[in-house]
Amino acid sequence: MPNEPSIQRIDLDEALRHFDPLVDLLQELYEDQRLYAPPIFLDQESRRTRCRKLIEHLQSDTALLWGAFIASDLAGFLWAYERDFFCERQMYVNAVVVKESLRGHGIGRLLLDAVATETSRRGLLTIGVSCLAGKHDTLRFYDSHGFIMERCQLVKILDKGRLLHDD
Ligand SMILES: CC(C)(COP(=O)(O)OP(=O)(O)OC[C@H]1O[C@@H](n2cnc3c(N)ncnc32)[C@H](O)[C@@H]1OP(=O)(O)O)[C@@H](O)C(=O)NCCC(=O)NCCS
C-alpha cells in the first residue's frame with residue numbers, strides 16, 4: 001500500500017462531503033453480496049437511499065461511522081449502531097467494506113479495532129454482526145478478529161419476482 005491508512009470517525013458534515021465515495025463503497029459491498037444472496041437493493045437509487053438513511057442516522061445520532069482514509073481518499077468504512085439484543089445493549093456492525101483493490105492489507109482489522117475501542121468506552125460488552133452464509137473469506141476475517149458464530153438466521157422468500165431487481 002502506498003500510504004498507511006488512518007482511521008477517523010466520520011461526522012455528519014464529513015459524511016455529506018464523502019457521500020459519493022460512500023455510495024461507491026456500498027455498491028462494492030452489494031456487488032460482493034450478490035454472489036451469495038439474492039441481488040436486493042442493487043439499483044443505484046436504492047444505494048443512494050441507503051446512504052441517505054445513514055446520513056439521517058448520523059443527524060439523529062443513531063449511527064457511528066468510521067472511515068479508513070489513504071491520503072484524503074476513502075478506502076473503506078464501518079457503520080455501526082447500538083441496539084437492544086435480547087437482554088443486553090450491544091454494538092452492532094451494520095456494514096463494513098474495504099475497497100476491493102485494497103483488501104487484505106489490514107484496513108478491515110483497523111476498522112474493527114476502532115469500533116471495539118468505542119464499544120468498550122461506552123461500557124458495552126459485545127459487538128454483533130451478521131454475515132451471509134457461504135462468505136468464507138468474510139467469516140474467516142471475523143473469526144480471526146475474535147468473533148464467534150452464535151446464531152443462524154434463516155429467511156423464506158415469498159415473492160422472488162418483487163425482491164430481485166438490478167440495474
Ligand atoms: C471483509 C472485509 C471488510 C475485510 O477487510 P480487509 O481490509 O480485507 O481485512 P484485513 O486485511 O484486515 O483482514 C484480511 C482477512 O480478511 C479476510 N478477507 C476477506 N475478504 C478478503 C479479500 N477479498 N481479500 C483479502 N482478505 C480477505 C481474509 O481472511 C484475511 O485474512 P488472511 O490475511 O489471514 O487471509 C473486506 O474484505 C471487504 O470489504 N469484503 C467485501 C464486503 C464484506 O464482505 N463485508 C462484510 C459484510 S458482513
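**A walk through the fold, starting at H2**

Let's begin with helix H2, residues 19-33: its 15 residues reach 21 Å from the first C-alpha to the last, close to the 21 Å expected at 1.5 Å a residue. Keep in mind as you look that this is a predicted model. Which residues of H2 are buried? They are Leu-22, Leu-25, Leu-26 and Tyr-30. These residues cover an arc of only 145 degrees around the axis, which puts them on the same side of H2. An α-helix has 3.6 residues a turn, so residues three or four places apart point the same way. The cover over the buried residues of H2 includes helix H1 (12-17) and helix H3 (44-59), together with strand S3 (73-85) and strand S4 (88-98).

Stay on H2 a moment longer and find Gln-27, which also sits in this helix. Gln-27 counts as partly exposed because it has 16 C-beta neighbours inside 10 Å, where being buried takes 20 or more. If you look from Gln-27 across to Cys-87, you span 34 Å from C-alpha to C-alpha, with these positions 60 residues apart in sequence.

Next comes H3, one of the elements that cover the buried residues of H2. At 1.5 Å a residue, the 16 residues of H3 should span 22 Å, and its end C-alpha atoms are 23 Å apart, which agrees. Buried in H3 are Arg-47, Cys-51, Leu-54 and Leu-58. They cover an arc of only 45 degrees around the axis, which puts them on the same side of H3. Turn to the face of H3 directed away from that buried side, and you will meet the exposed residues Glu-45, Arg-52, Glu-56 and Gln-59. Which elements help to cover the buried residues of H3? Among them are H1, H2, strand S2 (64-70) and S3. After H3 comes Asp-61, whose phi is positive, near 65 degrees.

Now follow the ligand. Around the ligand are 19 residues, and the closest are Arg-103, Gly-104, Gly-108, Asp-137 and Phe-141. Two or more residues of this shell come from each of H2, S4, helix H4 (107-121) and helix H5 (136-143). H5 gives the largest share, 4 residues. In character, the shell divides into 7 nonpolar, 6 polar and 6 charged residues.

Beyond H5, the loop between H5 and helix H6 (160-163) holds Leu-154. Is Leu-154 buried or exposed? Leu-154 is exposed, because it has 5 other C-beta atoms within 10 Å. Its C-alpha is separated by 17 Å from that of His-136, a residue 18 positions away along the chain.

Finally, step back to the whole protein. It has 6 helices and 5 strands, and along the sequence these follow the pattern β-α-α-α-β-β-β-α-β-α-α. The C-alpha atoms fill a box of roughly 45 × 35 × 35 Å, taken along the principal axes. For 167 residues, a compact globule would have a radius of gyration near 15 Å, and the 16 Å of this protein agrees with that. Buried residues make up 23% of the 167. Among contacts with a separation of 6 or more, 63% join residues 24 or more positions apart.

Definitions and conventions:
Residues numbered from 1 in each chain as written. Predicted model: local features only at pLDDT ≥ 70, side-chain atom pairs only at ≥ 80, totals over all residues. Expected span 1.5 Å × (residues − 1). Buried ≥ 20, exposed ≤ 12 C-beta atoms within 10 Å, placed from the backbone. Arc of directions from axis to C-beta. Contact = placed C-beta atoms within 7 Å. Near = placed C-beta within 6 Å. Nonpolar A, V, L, I, M, F, W, Y, C, P; charged D, E, K, R; others polar. Rg over C-alpha atoms; globule rule 2.2 N^0.38 Å.
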